[in-house]
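Subject: Handing over a structure

Hello,

Here is the structure I promised to pass on. Please have a look at it first, then read my notes below.

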Amino acid sequence: MPIDPAKAVAAEPRSAEISWDHKDVQLYHLGLGAGTPATDPDELRYTLESRLHVLPSFATVAGAGMGVVGGLSAPGIDIDLAAVLHGGQSITLHRPVPTGGRAVSTSRVAAVYDKGKAAVLVLRSEASDADGPLWTSDAQIFVRGEGGWGGDRGPSERLALPDRQPDATVERPIREEQALLYRLSGDWNPLHADPEFAKLAGFDRPILHGLCSYGMTLKAVVDTLLDGDVTRVRSYRTRFAGIVFPGETLRLRMWADEGRVQVVVTAVERDDAPVLADTVVEHS
């Protein structure tokens with residue numbers, strides 16, 4: 001079969017030097033929809049180099065690293081991109097991400113799970129610079145049609161919603177060209193730009209990157225419940241529960257507890273169709 005789980009997990013980790021500067025950070029933030037209104041002091045923290053701070057989800061694109069698409073070229077993996085969906089993402093921050101720097105990113109396939117009709121690959125990247133560890137990032141990649149070999153099914157935790165009304169509900173519009181701008185940060189999967197490729201994958205038109213909605217959600221949590229302070233974020237995880245299209249609107253319901261925010265994200269125009277679920281931001 002196109003995935004050899006034992007070979008993929010046993011393969012030697014791949015290391016590469018990555019670098020980024022304020023322009024990469026600003027481009028990433030703009031790809032998430034930052035900068036509206038353009039002169040808002042809160043938005044200038046994402047767009048103006050003299051005030052810049054770094055949203056921790058930038059770690060998913062910093063220096064391009066192994067990346068979601070790049071990780072699919074690891075030994076033991078030979079699959080069709082049209083069968084691939086991003087199933088989930090988690091990041092653990094060891095300290096705040098600097099606005100520019102150099103680091104060594106070490107990437108490997110941490111696990112391969114058998115979900116029956118699909119396989120799930122866990123692609124792990126760890127970044128460190130001269131001062132020590134920066135972040136650990138896990139991408140869960142869902143590959144349709146590649147399961148059924150009798151392997152470990154892996155974890156399947158689902159979070160129950162709190163038994164109360166959300167502490168905050170916000171909406172965030174997705175611009176028509178947002179996927180085209182976001183992909184300039186390094187995710188070149190044609191699923192997000194090429195209508196013909198999107199049709200081959202079973203969609204009427206290109207869909208937004210899951211990692212774009214992931215970053216948009218973290219920005220909304222930071223701006224709404226964490227006083228705009230990105231350094232308070234300790235970890236962030238989600239499960240991609242459904243797609244969203246450019247031009248639609250995200251609705252984010254947030255429940256705040258001590259050191260933790262749980263979020264549910266839906267698509268407003270499609271009767272609150274699920275987009276992100278099992279989403280938690282842990283913070284100081």
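Let me start with a question: which residue in β10 is the bridge partner of Tyr 236? The partner is Val 281. Keep in mind throughout that this is a predicted model.

**Strand β10 and its neighbours**

Tyr 236 belongs to the pairing of strand β7 (residues 233–240) with β10. These two strands are antiparallel, and six bridges join them. Strand β9 (residues 260–267) also pairs with β10. That pairing is antiparallel too, with seven bridges. Within it, Thr 266 faces Pro 274 of β10.

β9 and β10 make a hairpin. Five residues separate the two strands. One residue of the turn, Asp 271, has a positive phi of about 55°.

How enclosed is β10? Strand β10 covers residues 273–283, and nine of its eleven residues are buried, so the rest of the structure largely encloses it.

**Helix α7**

Next comes helix α7, residues 210–225. It has 16 residues, so at 1.5 Å a residue it should span 22 Å. Its end C-alpha atoms are 22 Å apart, in agreement with that.

The helix is mostly covered, with twelve of the 16 residues buried. The buried stretch includes Leu 211, Cys 212, Tyr 214, Met 216 and Val 222. Lys 219 is also among the buried residues. The charged end of Lys 219 sits over the ring of Tyr 46, 4.6 Å from the ring centre. Just past the helix, Asp 227 has a positive phi of about 60°.

There is another charge over a ring to look at. Arg 205 lies over the face of Phe 245, 3.9 Å from the ring centre.

**Aromatic pairs**

How many aromatic pairs does a search of the whole structure find? The search finds six. One of them is Trp 20 with Phe 58. Their rings are edge-to-face, 6.3 Å centre to centre, with 65° between the planes. Trp 20 is in strand β1 (residues 14–20), and Phe 58 is in the loop between α3 (41–47) and α4 (68–71), so the pair ties together parts 38 residues apart in sequence. Trp 20 has a relative accessible area of 5%, so it is buried. Phe 58 has 1% relative accessibility and counts as buried.

Another pair is Tyr 28 with Tyr 182. This one is tilted, at 6.1 Å centre to centre and 55° between the planes. Tyr 28 is in helix α2 (residues 22–31) and Tyr 182 is in helix α5 (residues 178–182). The pair thus links parts of the chain 154 residues apart. Both tyrosines, Tyr 28 and Tyr 182, are buried.

These rings belong to a cluster. Ring pairs join Trp 20, Tyr 28, Phe 58, Trp 135 and Tyr 182.

**Pocket and cavities**

Now for the empty space. The largest pocket holds about 1,100 Å³. Its lining has 44 residues. Which of them lie nearest the pocket centre? They are Gly 87, Gly 88, Gln 140, Arg 239 and Phe 240.

Several elements share this lining. α4, β2 (84–93), β4 (118–129), β5 (132–144), α7, β7 and β10 each give at least two residues. So three elements described above, α7, β7 and β10, are on that list. The largest share, seven residues, comes from β2.There are two cavities of 30 Å³ or more. The second largest has a volume of about 50 Å³. Eleven residues line it, and the closest to its centre are Ala 11, Glu 12, Ala 74, Arg 108 and Val 109. Strand β3 gives the most to this lining, with three residues.

Arg 108 lies in β3, which covers residues 101–114. Is Arg 108 buried or partly exposed? At 31% relative accessibility, Arg 108 counts as partly exposed. The C-alpha atom of Arg 108 is 22 Å from that of Gly 145, a residue 37 positions away along the chain.

Over to you.

Best wishes

How values were computed:
Residues numbered from 1 in each chain as written. Predicted model: local features only at pLDDT ≥ 70, side-chain atom pairs only at ≥ 80, totals over all residues. Heavy atoms only, no water. Buried < 20%, exposed > 50% of the residue type's maximum accessible area, 1.4 Å probe, protein only. Helix = DSSP H or I, 4+ residues; strand = E, 2+ residues; numbered from the N terminus. Pairing = 2+ DSSP bridges. Expected span 1.5 Å × (residues − 1). Phe/Tyr/Trp six-rings, centres within 6.5 Å; stacked < 30°, edge-to-face > 60°. Lys NZ or Arg CZ within 6 Å of the ring centre and 35° of its normal. 1 Å grid on protein atoms, 1.4 Å probe; cavity = no way out; pocket = protein on both sides within 12 Å on 5 of 7 lines; lining within 4 Å. Points joined across faces, edges and corners; volume = space filled by probe spheres on them.
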